[in-house]
Amino acid sequence: MLSLLAAILVFGLIILFHEFGHFLFAKLGGICVLEFSLGMGPRLLSFKRGDTRYSLKLLPFGGSCMMLGEDEDPEDFEEKAGKDIRKKREMLLHEGETPIRYAPDGTPVRGLAFHEASVFTRFLTIAAGPVFNFILALVCGIAVVAYAGCQPPEIFKVQEGSPAAEASLQPGDVITRINGKKVHLYQEVAMQNTFHPGETMNLEYKRGEQLHKTTVTPAYSEAEGSYLMGIAGGIPRAPRSLFETVQYSVYEFRYLVNLTFQSLKMLVTGQVSRKDVAGPVGIVVMIDRTVEESSSYGIMTVLITLANMCLVLSANLGIMNLLPIPALDGGRLVFILIEAVRGKPVDPEKEGMIHMAGMAVLMVLMVVILFNDIANLL
């Protein structure tokens, strides 16, 4: 039961932040929000304030920010919205500065339909969902670093006879660059070795106040079944200040962004197996195991562990939603950008068909991932 509540808490928080981003910028842009909901399916609780209905729904995964006329052809919307109001008579009135509109069910509402807002307003409204996921990830990162500490790329131990020893690396050396790219976390060193196994790395490292350069080619270990440099990092240390806490949370976030893109690249090129892919069921199982393993260390450890899961999942959701795939936020942003360049929107019917096709593909993919989760469980 504790694990189930933890999973609901993690998913709920991530979805709430995502949808709240859309909601906040829609409201700021004058767009009418018909319903803001957490969960999917039948309503458990709901109340209406102004023109917006706030709902808690039965299924704890998913949510929505339903804006007036968001997925409708403007012409169809105009026809539907006026159907029950004086036989399709004028539906745009003015009361001072605030426009009064009628929703498709005949309910009078204030505010703009989604397609009536400016290109800039619509772009901000759609982009705000993923951006708020990134904000949540950074907040969780601050909590994790403040409690669990940070781990700079400092070498704690060098295995005798290993590639690292042959490259003259020593305990206390701090790796600053790999193949010309700056590194700030020990995980980044491990990530390079994971995604580019066996490849020679050009390292820059700091020993005391002096900078040095060397090359290391990881060797395959039969015992570990992977390529290893032969180094180990130290235990995380407490950040020295609030600034360093925020700084390392940004490093953690950047590391997760790189990790996500590297993982997507490996997924597309077929370098990962189905066992390495997890959907909602697989994530719930991971949360269950994580809570079970950390519960013996106290409630604070459980909460920080969940914050770390939230950090990873929120960053992933934000990135995935920004991919230029129809039906996702990234796909919608592409059409808004095309409209900004052309000076006129893409044919709504064609755009709707593309989004519908994208949604169909995503639904098939979700079913495949669900079966994959179940197969991994069994």
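Two strands count as paired if DSSP finds at least two bridges between them. Keep that in mind for the first exercise. The model is a predicted one, with 10 helices and 13 strands.

**Exercise 1. Work out the sheet around E7**

Task: find which strands pair with E7, in what sense, and in what order the strands of the sheet run.

Solution:

1. Start with E9. Strand E7 (residues 174–178) and strand E9 (residues 201–207) share 4 bridges and run antiparallel. For a concrete pair, look at Ile175, whose bridge partner in E9 is Tyr205.
2. Now turn to E8. Strand E8 (residues 181–182) pairs with E7 over 2 bridges, in the antiparallel sense. Here Arg177 has Lys182 as its bridge partner, and Ile178 stands opposite Lys181.
3. Put the order together. The sheet is open, has 4 strands and reads E8-E7-E9-E10, with antiparallel pairing. E8 and strand E10 (210–216) each have a single partner strand, so they stand at the edges and one side of each is left without a neighbour in the sheet.
4. Add the helix. Helix H5 (residues 186–195) packs on this sheet and touches E7, E8 and E9, its direction making about 45° with that of E7.

**Exercise 2. Look at two unusual phi angles**

Task: for Ser168 and Asn179, say what sign phi has, where each residue sits, and whether it is buried, partly exposed or exposed.

Solution:

1. First, the background: most residues other than glycine have a negative phi.
2. Take Ser168. Its phi is near 70°, a positive value in a residue other than glycine. Ser168 belongs to the loop between helix H4 (163–166) and E7.
3. Check the accessibility of Ser168. Its relative accessible area is 43%, and partly exposed covers the range between under 20% (buried) and over 50% (exposed), so Ser168 is partly exposed.
4. Take Asn179. Phi is positive here too, near 50°, and the residue is in the loop between E7 and E8. That places Asn179 in the hairpin of those strands, which has 2 residues between them.
5. With a relative accessibility of 37%, Asn179 also counts as partly exposed.

**Exercise 3. Describe how H7 meets H10**

Task: describe helices H7 and H10 one by one, then say how their axes are oriented and which residues make the contact.

Solution:

1. Begin with H7 (residues 280–294). Its 15 residues reach 21 Å from first C-alpha to last, close to the 21 Å expected at 1.5 Å a residue.
2. List what is buried in H7: Gly282, Ile283, Val285, Ile287, Thr290, Val291 and Ser294. Those residues pack against helix H1 (2–28), helix H8 (299–322) and helix H10 (348–377).
3. Do the same for H10. This helix has 30 residues and reaches 43 Å, close to the expected 44 Å. Its buried residues include His355, Gly358 and Leu362, along with Asn372 and Asp373. The buried residues of H10 pack against H7 and helix H9 (329–342).
4. Get the geometry. The axes of H7 and H10 come within 7 Å and cross at roughly 40°. Angles under 35 degrees would count as roughly parallel and 65 to 115 as roughly perpendicular, so the two helices are oblique to each other.
5. Name the residues. Pro280, Val281, Gly282 and Val285 on the H7 side meet Leu370, Asp373 and Leu377 on the H10 side. By type, the contact has 5 nonpolar residues, 1 polar and 1 charged.

**Exercise 4. From one loop residue to the whole chain**

Task: place Leu112 in the fold and say how far its C-alpha is from that of Cys32; then find what share of the contacts in the protein is long in sequence.

Solution:

1. Leu112 is in the loop between strand E5 (108–110) and helix H3 (119–148). With a relative accessible area of 27%, Leu112 is partly exposed.
2. Compare sequence with space. Leu112 and Cys32 are 80 residues apart in sequence, while their C-alpha atoms are 5.6 Å apart.
3. Zoom out. Among contacts with a separation of 6 or more, 62% join residues 24 or more positions apart.
4. Finish with burial: 41% of the 378 residues count as buried.

Notes
Residues are numbered from 1 along each chain as its sequence is written. This is a predicted model: local features need pLDDT of at least 70, side-chain atom pairs count only at pLDDT 80 or more; totals for chains, interfaces and linings use all residues. Side-chain values use heavy atoms; hydrogens and water are left out. The expected span of a helix is 1.5 Å times one less than its number of residues. Buried means under 20% relative accessible area, exposed over 50%, partly exposed in between (1.4 Å probe, protein chains only). Contact means heavy atoms within 4.5 Å. Axes are lines fitted to C-alpha atoms, for helices over the stretch in contact, and angles run from 0 to 180 degrees between N-to-C directions. Angles under 35 degrees count as roughly parallel, over 145 as roughly antiparallel, 65 to 115 as roughly perpendicular and the rest as oblique. Ala, Val, Leu, Ile, Met, Phe, Trp, Tyr, Cys and Pro count as nonpolar, Asp, Glu, Lys and Arg as charged, and the others, Gly among them, as polar.
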